[in-house]
Amino acid sequence: MIETFDLAAAANGGSGGILGLILPFVLMFVIFYFLLIRPQQKKQKTRNAMLSALSKGDKVVTIGGLHGTIVEITDNIVVLKVNDVTKLTFDRNSISHSVSTDA
């Protein structure tokens, strides 16, 4: 009778072992999602919204730190006016952020 009980306990423990192995991985994925993946997706969404909202006359800063005013803009290219004479062409994705003029 004791041998039968041990077999039943071993069978139940075996399925609990699989759950015990999978559960930590599921918890780690959930933690990574909420701490790393989701904030990065939000940041990318706001960056894409900022890039699509750019228009002629906006003051921007490039990834390299160059300040300028948008003179021409297309789907992929932005032409910045740096001073009275100099105009530089950049890829639209090289814009870091827009500078507000409300200061």
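**A five-stranded sheet, strand by strand**

Colleague: Let's start with the hairpin from β2 to β3: how many residues does it run through?
Modeller: Happy to, and keep in mind that this is a predicted model. β2 and β3 pair in the antiparallel sense over four bridges, and E72 stands opposite V79 of β3. The hairpin that joins β2 to β3 does so through three residues.

Colleague: Thanks! And which residue is the bridge partner of V79 in β4?
Modeller: Strand β3 covers residues 77–81 and strand β4 covers residues 87–91; they run antiparallel, joined by five bridges. A hairpin of five residues links β3 to β4. Along this pairing K81 stands opposite K87 in β4, and the bridge partner of V79 in β4 is T89.

Colleague: Stepping back, what pattern does the chain follow along the sequence?
Modeller: The chain holds one helix and five strands. Read along the sequence, these elements give the pattern α-β-β-β-β-β.

Colleague: In what order do the five strands stand in the sheet?
Modeller: The sheet is open and its pairing is antiparallel. One of its pairs is strand β1 (residues 59–62) with strand β2 (residues 67–73), antiparallel over three bridges; there, K59 has T69 of β2 as its bridge partner. The full order of the five strands is β4-β3-β2-β1-β5.

Colleague: Which strands stand at the edges, and by what angle are neighbouring strands turned on average?
Modeller: β4 and β5 (95–99) each have a single partner strand, so one side of each has no neighbour in the sheet. That puts β4 and β5 at the edges. With direction ignored, neighbouring strands of this sheet are turned against each other by an average of 45°.

Colleague: Now a single residue: is T62 buried or exposed?
Modeller: T62 lies in strand β1. Leaving out residues up to four places away in sequence, T62 touches L80, F90, S94, I95 and S96. Its relative accessibility is 5%, and the limit for buried is under 20%, so T62 counts as buried.

Colleague: Which residues make up the largest nonpolar core?
Modeller: A general tendency helps here: in soluble globular proteins, nonpolar side chains tend to be buried together. One member of this core, L51, is in contact with R92, N93 and I95, its neighbours within four places in sequence left aside. The core has seven residues in all: L51, L54, V60, I70, V78, L80 and I95.

Colleague: Good to know. What share of the chain is buried, and what share of the exposed area do carbon and sulfur atoms supply?
Modeller: The chain has 103 residues, and buried ones make up 14% of them. The area the chain exposes is about 8,100 Å². Carbon and sulfur atoms supply 64% of that area.

Colleague: What share of the contacts with a separation of 6 or more comes from residues 24 or more positions apart?
Modeller: This share is counted only among contacts in the chain with a separation of 6 or more. Within that set, residues 24 or more positions apart account for 34%.

Colleague: Last one: what geometry does the aromatic pair of Y33 and F34 have?
Modeller: The count comes to one aromatic pair. Y33 is partly exposed at 30% relative accessible area, and F34 is partly exposed at 48%. Their rings lie 5.2 Å apart, centre to centre, with 80° between the planes. Planes over 60 degrees apart count as edge-to-face, so this pair is edge-to-face.

Notes. Residues numbered from 1 in each chain as written. Predicted model: local features only at pLDDT ≥ 70, side-chain atom pairs only at ≥ 80, totals over all residues. Heavy atoms only, no water. Pairing = 2+ DSSP bridges. Helix = DSSP H or I, 4+ residues; strand = E, 2+ residues; numbered from the N terminus. Buried < 20%, exposed > 50% of the residue type's maximum accessible area, 1.4 Å probe, protein only. Contact = heavy atoms within 4.5 Å. Areas by Shrake-Rupley, 256 points an atom, 1.4 Å probe, with all protein chains shown as cover. Axes fitted to C-alpha atoms, helices over the stretch in contact; angles between N-to-C directions. Core = buried A, V, L, I, M, F, W, Y, C linked by side-chain atoms within 4.5 Å. Phe/Tyr/Trp six-rings, centres within 6.5 Å; stacked < 30°, edge-to-face > 60°.
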